[in-house]
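Here are a few short exercises to work through with the model open beside you. Try each one before reading its solution.

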Amino acid sequence: QSDKGVCYGFYKGTTQCPAGTSACKPNNCQVTTWTAWSACSAKCGGGVRSRSRKVTKFPNNGGASCPELYSEESCNTHKCGVPKKEAGKCGSCGGKTAGPCRHVKDNSCF
């Protein structure tokens with residue numbers, strides 16, 4: 001609907017509207033805000049997280065098209081294992097052997 005009355009498309013093959021009408025205003029695509037980032041798919045060694053948004057109004061009458069609706073990025077790209085400064089600390093480990101402490105190289109217990 002236009003400000004001047006009923007809105008109609010152009011006559012076929014022309015750029016003129018019927019008498020007593022005006023051209024429809026373009027309506028751009030509208031989208032929601034991005035969702036929160038998802039959890040990373042890996043705790044270390046490189047994973048992926050994503051976010052999305054939805055279209056709330058599709059474009060028409062020559063309005064701007066919709067932007068990307070899905071985005072993803074790398075996360076937790078650090079190496080797996082224990083940092084050297086924590087090698088002597090006791091705690092959870094890879095479970096390859098037994099013991100209260102872990103090796104830096106392979107995270108196995110000793």
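**Exercise 1.** In this predicted model, find the handedness of the disulfide between Cys29 and Cys66, then work out which parts of the chain the pair ties together.

*Solution.* Start with the torsion about the S-S bond of Cys29 and Cys66: it is about 95 degrees, so this disulfide is right-handed. Next, place the two ends. Cys29 sits in the segment before strand 1 (30-31) and Cys66 in the loop between strand 3 and strand 4, so the bond ties together parts 37 residues apart in sequence. The S to S distance is 1.9 Å.

**Exercise 2.** Decide whether Cys29 is buried or exposed, and do the same for Cys66.

*Solution.* Buried means under 20% relative accessible area. Cys29 has 13%, so it counts as buried. Cys66, with 27%, counts as partly exposed.

**Exercise 3.** Locate the ends of the disulfide between Cys40 and Cys75 and give its handedness.

*Solution.* The sulfurs of Cys40 and Cys75 are 2.0 Å apart. Cys40 belongs to the loop between strand 1 and strand 2 (47-52), while Cys75 is in strand 4, 35 residues apart. With a torsion of about 90 degrees, the disulfide is right-handed.

**Exercise 4.** What is the sign of phi at Asn61, and where does Asn61 lie?

*Solution.* Most residues other than glycine have a negative phi. Asn61 has a positive phi of about 55 degrees, although it is not a glycine. Asn61 lies in the loop between strand 3 (55-57) and strand 4 (70-75). Its relative accessibility is 42%, so Asn61 counts as partly exposed.

Terms used. Residues are numbered from 1 along each chain as its sequence is written. This is a predicted model: local features need pLDDT of at least 70, side-chain atom pairs count only at pLDDT 80 or more; totals for chains, interfaces and linings use all residues. Side-chain values use heavy atoms; hydrogens and water are left out. Helices (H or I, at least four residues) and strands (E, at least two) are DSSP runs, numbered from the N terminus. Buried means under 20% relative accessible area, exposed over 50%, partly exposed in between (1.4 Å probe, protein chains only). A disulfide is a pair of cysteine sulfur atoms within 2.5 Å.
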